[in-house]
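Please open the model in your viewer and keep the selection tool at hand. We will walk through it stop by stop.

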Amino acid sequence: MKRSTFAAGIGSIVALAAAGAVALPGDTRNETRMELAADGTVNVNNGAGSVNVHSGTGRQVVVVYTTHSPNLEVDESSSPDRQRIEIRTHVLHEQKLSPEESRVEYDIAVPAGASVTVSTATAPITVEGLSGDVDLSSNTGEIVVRNIAKAHVHVRGIASSISLSNITRGHVEVTSTGGAVELSSVSGPLVSVGTASGNITYKGDCSGGGEYRLTTHSGAIDVTLPPTASVDLTARSVSGTVVNDFPLQEKSHVTFVPKAGSSFTGTSNSGSSSVELQSFNGRIRVKKQ
Amino acid sequence: MGEDEENNMNCKEFQEVLPYIIENGGNEEEEDHLRTCPACAELVQDLRYIATQAKLLLPMHDPSPRVWTGIEQSLHQESLLREGRTSLWGHVTSIPAPVKSWTPAGWVMAAVVLTAFSLVLVNYHPQLPPSASSAQNMSAQSIPLEGEDQQLMGRVSQQAPDVRRAYEDNLREVNAYITDARQAVERDPEDVVAREQLQDAYQQKQMLYEMATVRTLP
């Protein structure tokens with residue numbers, strides 16, 4: 001091959017990649033920009049691959065995605081009033097794709113205040129730095145939510161591990177059947193986590209005078225609180241064990257009779273937040289940070 | 001997981017058809033699995049051995065019918081045999097057929113075989129993909145899925161194998177949750193925790209159904 005021909009070939013590939021067209025055989029990278037009205041919603045539905053959502057600038061939603069098969073496409077649509085944007089991975093002609101072919105990697109930047117809904121089968125979901133409401137669900141993909149303030153955060157997983165961190169003044173509801181749930185510095189008027197067999201870990205101060213409720217069937221619940229935490233705490237297990245290593249003051253009035261080893265209750269500081277820990281036969285432990 | 005793995009039978013699927021395999025032999029796919037899975041091959045070998053030994057427990061020397069008739073007559077004479085039902089023709093029906101009895105040695109062998117069979121089943125650990133297993137999960141996994149749960153599994157049958165597995169395992173887990181919580185409420189209807197647990201358990205199941213429905217819509 002002559003050098004000039006080779007250089008022209010390379011140049012063409014670079015130009016095509018820059019234009020967002022075919023970059024490598026089998027892989028297609030695309031970029032789309034769509035206007036979203038203030039307080040609009042972005043809905044994303046993807047099977048395998050990954051979905052990363054973060055805050056962007058202006059009023060545009062910027063969607064960058066990579067597909068790995070010509071038998072799969074991404075449908076993007078916007079409602080006429082620009083209140084809603086739909087992004088959906090779609091298999092063409094009911095083709096049977098390999099796991100690698102069915103992957104689509106999304107990177108989505110959304111405007112401030114936009115609400116985001118993401119649903120995946122196996123694709124992990126990462127959401128970071130948003131200021132609107134967030135509704136995430138996955139069958140088995142890991143779900144990570146970071147740095148969100150004053151928003152509703154609803155997360156559902158079947159066998160997904162779920163991690164929430166630095167969420168302030170949130171209305172947080174997490175339901176996980178088998179996956180573990182980790183919360184670090186998560187606070188708000190409502191923090192509710194329920195699992196069937198997944199373990200629940202909470203590290204934070206339960207601040208904000210909110211209602212915190214962690215419930216599991218057979219998973220373990222571990223709560224680590226700083227001495228400054230102001231909580232009214234109750235831990236109860238039907239047939240599991242309950243251990244408390246956090247200094248609590250006895251309450252003057254209780255609604256149930258604590259049973260050593262399977263329940264306890266008490267307050268710390270002014271007891272501004274209500275913390276309710278419940279398990280069926282999983283272990284509950286509360287300790288000091 | 002590759003496409004080949006997706007198409008191949010796994011230990012769990014093999015286990016479900018095990019009785020048919022022991023009785024009638026397996027098809028090509030089942031035989032393939034048997035060749036490549038030492039654990040299942042060992043199990044089948046053990047079960048076939050037990051089946052062979054069990055046949056030996058049948059009485060080897062069945063008495064002649066005349067012996068049973070003689071015994072019957074003797075019992076009647078001694079008034080030790082209760083009268084049977086009267087037939088339409090007014091005859092008293094006799095014992096319909098000689099009942100095969102086992103010798104003490106047969107009982108001992110039966111006990112040995114049953115013990116061996118139990119040990120094989122208890123020690124059989126199919127080579128399934130790793131999952132968050134615990135004693136609770138193991139008991140949950142033994143609960144069969146029925147009715148609507150089977151329909152749900154049919155709905156997610158086109159999903160990736162690990163997703164199907166996730167639904168199946170977690171349905172069982174949630175069913176165990178519901179069963180435990182319901183029993184706790186029945187034991188003590190005033191138990192607030194048990195009542196809330198039952199509510200949570202049903203919410204878990206509702207979520208499973210919702211997610212399966214959403215993900216399988218066209």
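Start by selecting A:A149 and A:T168: the second is the bridge partner of the first, and A:T168 lies in β14(A). This is a predicted model, in which local features need pLDDT of at least 70 and side-chain atom pairs count only at pLDDT 80 or more, while totals for chains, interfaces and linings use all residues. Residues are numbered from 1 along each chain as its sequence is written, chains are lettered from A and ligands numbered from 1 in the order in which they are written, and side-chain values use heavy atoms, with hydrogens and water left out.

Now widen the selection to the strands (DSSP runs of E, at least two residues, numbered from the N terminus). Strand β12 (residues 143-149) of chain A runs parallel to strand β14 (residues 162-168) of chain A, and 6 bridges join them; two strands pair if DSSP finds at least two bridges between them. Next, add strand β16 (residues 181-186) of chain A, which pairs with β14(A) in the parallel sense over 5 bridges. Here you can pick out A:I167, opposite A:V186 in β16(A).

Next stop: an open sheet.

Select the 12 strands of chain A in the order β6-β7-β3-β9-β11-β13-β15-β17-β19-β24-β21-β23; they form an open sheet with mixed pairing. Which strands stand at the edges? They are β6 (72-78) and β23 (263-268) of chain A, each with a single partner strand, so one side of each is left without a neighbour in the sheet. Within this sheet, zoom in on strand β3 (residues 41-46) and strand β9 (residues 115-120) of chain A, a parallel pair with 6 bridges. A:V42 faces A:V116 in β9(A).

Finally, show both chains.

Select the residues in contact (heavy atoms within 4.5 Å): 30 belong to chain B and 36 to chain A. The two chains bury about 2,700 Å² between them, 57% of it on carbon and sulfur atoms. Buried area is the accessible area (1.4 Å probe) that two parts lose on being put together, summed over both.

How many salt bridges does the rule find across the interface of chain B and chain A? There are 3, counting a side-chain nitrogen of Lys or Arg within 4 Å of a carboxyl oxygen of Asp or Glu. Pick A:R213 and B:E196 to see a salt bridge whose closest N and O atoms are 3.6 Å apart. On the side of chain B that touches chain A, α1 (3-7), α8 (135-141), α10 (161-187) and α11 (192-216) of chain B each supply at least two residues; helices are DSSP runs of H or I, at least four residues.
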